[in-house]
Each structure stands twice: as structure tokens, then as C-alpha cells.
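Colleague: Please take one part of this model and describe it closely, with the criteria behind each term. I should like a connected account rather than a list.

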Amino acid sequence: MKTTPLLKKFTQASIIASSLLFSQGSYADTILHAFNWTYDDVATKAQEIADLGYKKVLVSPAYKSSGNEWWARYQPQDLRLIHSPLGDTNDFKEMVNALKAKGVETYADIVLNHMANESSQRSDLNYPGAAVLATYAADSTYYNSIKLFGDLQQGSYGANDFHPAGCITDWGNPGHVQYWRLCGGNGDTGLPDLDPNNWVVSQQQAYLQALKTIGVTGFRVDAAKHMSNYHINAVFNNDIKNGMHVFGEIITSGGAGDNSYDSFLAPYLNDTGHGAYDFPLFASLRGALGFGGSMNQLVDPGAYGQALAGDKAVTFSITHDIPTNEGFRYQILDETDELLANAYILGRDGGTPMIYSDHNESNDGSRWQGLYKRADIAGMVKFHNAAQGHGMQVMSFNDCVILFKRDHIGVVGINKCDNGQDVWVNTAEHNLWWHKNYRDVVGGVDVQNINSQWHKFYLPGRKARMWLME
């Protein structure tokens, strides 16, 4: 076969890239982030979730909280029981058991940095507050039946359990970000920031242990950027961490070299041993898929500190913070780019992919509502599950496309540009099996049957292909 200049470029690239492997993470199964779903709804959908291939479900914070807004779930009033518009302790237990019966684990979103801002209702820092305690007393039989730990006749926290009042103003200074309050502006006094004294730590440990006893197997640490590593390590002792997948939410603008990464995420990873959302990889995806970007940024971003190690990373194309907070909306990907990003994170080896699905809390036209069960996403999850345990080798790349394989099990091709491209691959060099159908799981129509040393993979413009061997 005559070698064209384009083929030469691809062939050279394959020689360079064939040895580039992504390390497989310890936690390899896809997480469904059931954002702001009621616990009953999750339980009802347990069979569907399992059938779609999800192995873990991250649910919204479970404790005492009031108010119907999604953000009210991130303002805890009391950790000693589960009671909110999403359900109570009994609903939560039933959900965990329903998921477990279908082979799906439950991850809990936890808030340990602060308590609810109730300054409009009262001036003290007693939690859960006199009004809530009175509610407990008025129906003590019920509330004691859903108690996780502690004595509901008494409060849990007082003024001495919080840092002094004051809003964060120096967002690049870890000491300021981790000591002062998150405030909303316009005179808002902010979320009371907990001090990691022995009592606070013991209460938080009792809460986490109670969730573990119910059957929770993973914790997402909300606002981890705003907690000192001292506080995090004090709470997450070996007993709490044993058998648990723990990962923090630390939003950064990039990877190594970015101040938000160097000042917050890198120390968190180094000092706690926890995993984290892979914002460095997300920044790499935004850069590669964006105008003027190149797909060569996705060949091995971890080699340059632009992706987390596979065993630490929770990978994503969107998180709930991005569309629901005005300051982060600039990170929302174009819808097609988001599809391509999902193909990358669910096709690659390394990290634990997370798929976000909400009820249009961000008012973006139901963009992520029901996303978890969309046919293309379900196909990508199928590919991810089938390819787990198989290495990844990049075969070809240029500014527009990247083509990689998962040993002989499958091939992923992503084309960010408008025009389609042919990519020729030496199947002998890359050990792709002959006379086997490789079917695209994204669209379900494109089937590749390899029967010669050189095989052409066609990548349509602005499309992803994930060919899985049948």
C-alpha cells in the first residue's frame, strides 16, 4: 500500500505513542451522580441503574436540612439524623438496601466544612437551634426512630465550635480560604465555618461511621478546598477510611503550574491520600476540544501534571457546581464537546468516571435531565465496563483526532473537527483481532471487521466512535 503523507504522520505518531499507557485506577466502576434525587426515586430506579451498568450512585447530602432549593442540601442543621425533602433515615436505608440488592453501591455527599446560614432567623450559633430542637421534642418518638447517634434533647454545636465570623476575600491564600466563611455577597454573613476541635471531630466521625454502618461505601467531601488538611485527616482516621472510596471536591482551573492546583489540590492529595475530582484532566479536555486546541493534549496529560493519577481521579465532563454557580459556568462545554469528552473519559484507562444527571436545577433546558440513561451514554458505560482491566495504547493523533485502543477489546476514536478523517492502523503492530466485529456502542451502526494488516478507521466530523469487539 502506498504511504500517504497523512499516513506517515499517523504511523510515526503510533510509534511514538504506542507505549504510552494510562494506569488503571483502583476504583474502576462508573458512578452515577443522582443529583438532588429523592432517596425513594433512587431506590425505585435501582434495577434500571444496575441494568445500565452503573456500579455506584452518589446521592445528595443526607442529614437534617430544610428548604426546597438544591443548595439547601449543602447547609446542614444537624448530622445526628437524616431528614430533608429528599427523605429521612428510613428512606435512606431502604435506598441503600435496594441498590445493594442489585449490586450497586451507595456513595454519600458529605458536608463537614460548615453549618447552615440561619443568620436571618437567629443571632446565635447553636445547632441545630431552638426551633429544630422544639420540633424534635414535639414528635420525639418519630425523630428518635430516625436518629443516627447522639441525644436529640440537646444541641450539637455551639459558638465555641466555629471560627470567628468573616468572609473569604483572598481566594488564592489557603489560610484565608480554609479559615474564613463562604459568603454570598450583599452583606451575607456566610456559612458558619466549623473549627476542628475534638468535639467537632468526634461528632463528624460518629456521623460518617453511622453512614458506613448503613452500608455507604464512598464519601464525596464537599468544599474540601475550604477545610484544612489537619481537619480532614483528624476526621478521616483509619477506621473511617477502611474500605471506603474517599474523594474531595477541589475546583481548580488546571493542573500543575496553575495556582489553584499547586496551592490547594496538590497539597490535599499529598497530605490526605484521598482521591479528588480530576479538574486538571477537565481543563485538558476543555483546552483540547476548544477553539485552537489540539487533541495531542489528550495523549498522555498525566505525564505533564495535567491529569491526576488513575487511582486518585474521579473523571467527569460536568459536575453540579459548574452549571449551578455563576462563577463556574464558563467551564460548561459545548454540548457536542461534552459528548466527545464523555467518550474520552469512559473510553480511557484510568480514573473513576462519573456521569451527572439532575432535574434541570441549573435551568439549562433539561440538558442533563435523564442523561444517565441516554442511549449514547449507556453505550459508553457498556464500553467502559467491558474494557476494564485492559491497557490503553494511543495509536494515532493529530490536532483534530485521537485514536486509541484498549488492548484488543476495543478502539476509541474522537474527531473534534468538522471534516471527517481516515486513520490507517497497522493491525499487526497493534494486535487488533481479525475477523471479529468491532461495533460502535455510541451509535450502534458502525461495524468494523478487520481482515488485513492495514485497516482504515473513518472518524466523522464532530463525532466519537467507541468500537467494542463482539
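Modeller: The account below concerns the contact between domains, followed by the disulfides.

The model is predicted, so to read it note that local features need pLDDT of at least 70 and side-chain atom pairs count only at pLDDT 80 or more, while totals for chains, interfaces and linings use all residues. Residues are numbered from 1 along each chain as its sequence is written, and side-chain values use heavy atoms, with hydrogens and water left out.

The domain assignment, which is automatic or from a database, divides the protein into domain 1 (31-387) and domain 2 (392-469). Their C-alpha centres are 36 Å apart. Contact, defined as heavy atoms within 4.5 Å, involves 27 residues of domain 1 and 25 residues of domain 2. The buried area, meaning the accessible area (1.4 Å probe) that two parts lose on being put together, summed over both, is about 2100 Å², and carbon and sulfur atoms give 71% of it. Of the area that domain 1 buries against domain 2, Met-295, Leu-340 and Phe-383 supply 31%, more than any other three residues.

Polar features also cross this interface. Between the two domains there are three salt bridges, each a side-chain nitrogen of Lys or Arg within 4 Å of a carboxyl oxygen of Asp or Glu. The side chains of Arg-406 and Asp-349 form a salt bridge at 3.6 Å, N to O. In addition, 10 residue pairs, both at pLDDT 80 or more, are in polar contact across the interface; this term requires N or O atoms within 3.5 Å, one able to donate a hydrogen and the other to accept it within protein, and residues adjacent in sequence count only if both atoms are side-chain atoms. On the side of domain 1 that touches domain 2, helix 12 (279-289), helix 14 (335-347) and helix 15 (375-387) are the elements that give two or more residues. Helix 15 gives the most, with eight residues. Helices (H or I, at least four residues) and strands (E, at least two) are DSSP runs numbered from the N terminus.

A search of the whole structure finds two disulfides, that is, pairs of cysteine sulfur atoms within 2.5 Å. In one of them, Cys-400 and Cys-417 have their sulfur atoms 2.0 Å apart. The torsion about their S-S bond is about -85°, so this disulfide is left-handed. Cys-400 lies in the loop between strand 11 (392-397) and strand 12 (401-406), and Cys-417 in the loop between strand 13 (410-415) and strand 14 (421-426).
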